[in-house]
Amino acid sequence: MTVESTAARSASTAPTRRSGTGGKGATKGTGQGAAKGAGKGAGKKAAPAEAAPAEPAGTGSPATTSRKAAKSSTRTTGTTTRGARGQARKPRRSGQGGPDAADGPQLVQLLTPEGERVQHPDYDVDLTPEQLRGLYRDMVLTRRFDAEATALQRQGELGLWASLLGQEAAQIGSGRALRPDDYVFPTYREHGVAWTRDVDPTLLLGMFRGVNNGGWDPNSNNFHLYTIVIGSQVLHATGYAMGVQKDGADSAVIAYFGDGASSQGDVAEAFTFAAVYNAPVVFFCQNNQWAISEPTERQSRVPIYQRAQGFGFPGVRVDGNDVLACLAVTRAAAERARSGEGPMLIEAFTYRMGAHTTSDDPTRYRSDEERAEWEAKDPIKRLRSYLEREKLADADYFAAIEGESDEMGVRVREAIRTMPDPDSMAIFENVYADGHALVDEERAQYAGYLASFADSSEEGR
Ligand SMILES: Cc1ncc(C[n+]2csc(CCOP(=O)(O)OP(=O)(O)O)c2C)c(N)n1
Ligand SMILES: [Mg+2]
């Protein structure tokens, strides 16, 4: 297996240092380690088929690159469907062309889609049968919670839901790699990571029901509130990691974001600061192939993990549907951050099996065939196959997990129906710690507006 693992190479070459303790040489060492590894890997690879430039990224003139981009964007196959806004669009299959070409970089994988355990030269995990069963339980319960939430939205109990279907391994594997003192900055889809942080799942529903601004105390579980502003939490995480560093603590910080978010300026700025300050942050990009209706090849001309090279820290692509590989790679990255070796980018190559949110209809921009291809790589099925093959779990075990899922379903449905509506004026709380004249004015205006209803109903009597 040809392996793109710049992380492990640079981890072994990069000096251990904290910001301010290493001089120019130390910084150079980290950068060289990363650049050497990534460069070596990149040199070995054929350029991704179709959409990528023939020469390494950055060597072509802008004109050449844009001509090629224009040309490549017409090179799709298949029959025409209607795009999200009704325009004609060619259906696209992931793995064809662009940064995700089938002949592109291989993934760090420890469990094949068929559930066979394979070895990797740089990454491994040694888990007990109980821990392996625990990962299975985590993924099944997370999927069940997600299915319940989707159903609750359809029943009018939630305003919106962003499903994690298909991304369970990326989230559970990375989440279980963390220590309680590590700090997590999620997007809006990290229900599985929340589960690994022991955030009560029913609390995740409040914001989607519109009854609170988040629902949990971030500092109770070191799990920040969900962030809708794409990519902004990556900057928050980096700033937080710089603070951790200044405190002299040895915790890691992890920022979750999507393939679409990787195009945001905030993410580029976060990468720059994290690299320069050698911040203890892990950038965990779930490349689920889509940013609403935009495919990954619209985000990058190179595989996303390779972007780290330009910032001077290592990047690695992991099979995001392989819970063991996600755990192993994230554990290594977090260890690396804690020991002062700086940031690392993990691209978890996965697939959003459901819609972007319950407001989206993916049949308008992607094919059933593409979904079916990814269904064969289902993260839960493959771990189950492994557990069965190795006789690590029997039918009673799987039945017990199903029973637990049903109980969770009941609990979630009960919780949502008994969730209290907020006080109408609560929206003005928690805006400023010490209050603000403008908020006071708005509060007074709104109170008057609400009072006007009381008056009119009085008049109507
Ligand atoms: C700054 C900003 N721009 C645009 C949006 C609208 N928006 C919401 S989700 C999304 C796509 C995000 O895709 P990706 O980062 O791949 O994450 P995924 O939803 O696939 O998990 C966009 C553009 C937003 N919320 N914030
Ligand atoms: Mg995405």
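**Strand β9 and its surroundings**

In this predicted model, the side chains of strand β9 split into two sets: M344, I346 and A348 point one way, L345, E347 and F349 point the other way, and all of them are buried. Put as a count, 6 of the 6 residues of β9 are buried, so the strand is mostly covered, a residue being buried if 20 or more other C-beta atoms lie within 10 Å of its own.

What does β9 belong to? The strand is part of an open sheet of 5 strands, laid out in the order β3-β4-β5-β9-β8, with parallel pairing. At the edges of this sheet stand β3 (183-185) and β8 (315-319); each has a single partner strand, so one side of each is left without a neighbour in the sheet. Going from one strand to the next, the twist averages 20 degrees.

In that order, β9 sits between β5 and β8. On one flank, strand β5 (residues 281-287) runs parallel to β9 and is joined to it by 6 bridges. Here V282 has M344 of β9 as its bridge partner, and M344 is one of the residues that point the same way as I346 and A348. On the other flank, β9 (residues 344-349) and β8 pair over 5 bridges, again in the parallel sense. Along this pairing, V316 has I346 of β9 as its bridge partner, while D319 stands opposite F349. Of these two β9 residues, I346 points one way from the strand and F349 the other, yet both are buried.

How do β8 and β9 fit together with a helix? Together with helix α12 (residues 323-338), the two strands make a β-α-β unit, and this unit is right-handed.

Stepping back to the whole chain, the secondary structure comes to 16 helices and 9 strands. The chain has 461 residues, and 45% of them count as buried. Contacts between residues far along the sequence make up much of the picture: among contacts with a separation of 6 or more, 77% link residues 24 or more positions apart.

The model also holds a ligand, and ligand 1 has 14 residues around it. Which of them come nearest? The answer is I230, G258, G260, A261 and A291. Sorted by class, the shell around ligand 1 is made up of 7 nonpolar, 4 polar and 3 charged residues.

Technical notes. Residues are numbered from 1 along each chain as its sequence is written. Chains are lettered from A and ligands numbered from 1 in the order in which they are written. This is a predicted model: local features need pLDDT of at least 70, side-chain atom pairs count only at pLDDT 80 or more; totals for chains, interfaces and linings use all residues. A residue is near a molecule or strand if its C-beta atom, placed from the backbone, lies within 6 Å of it. Ala, Val, Leu, Ile, Met, Phe, Trp, Tyr, Cys and Pro count as nonpolar, Asp, Glu, Lys and Arg as charged, and the others, Gly among them, as polar. Two strands pair if DSSP finds at least two bridges between them. Helices (H or I, at least four residues) and strands (E, at least two) are DSSP runs, numbered from the N terminus. Axes are lines fitted to C-alpha atoms, for helices over the stretch in contact, and angles run from 0 to 180 degrees between N-to-C directions. A residue is buried if 20 or more other C-beta atoms lie within 10 Å of its own, exposed if 12 or fewer, and partly exposed in between; C-beta atoms are placed from the backbone. A crossover is right-handed if, with the strands pointing away from the viewer, the path from the first strand over the helix to the second runs clockwise. Two residues are in contact if their C-beta atoms, placed from the backbone, lie within 7 Å.
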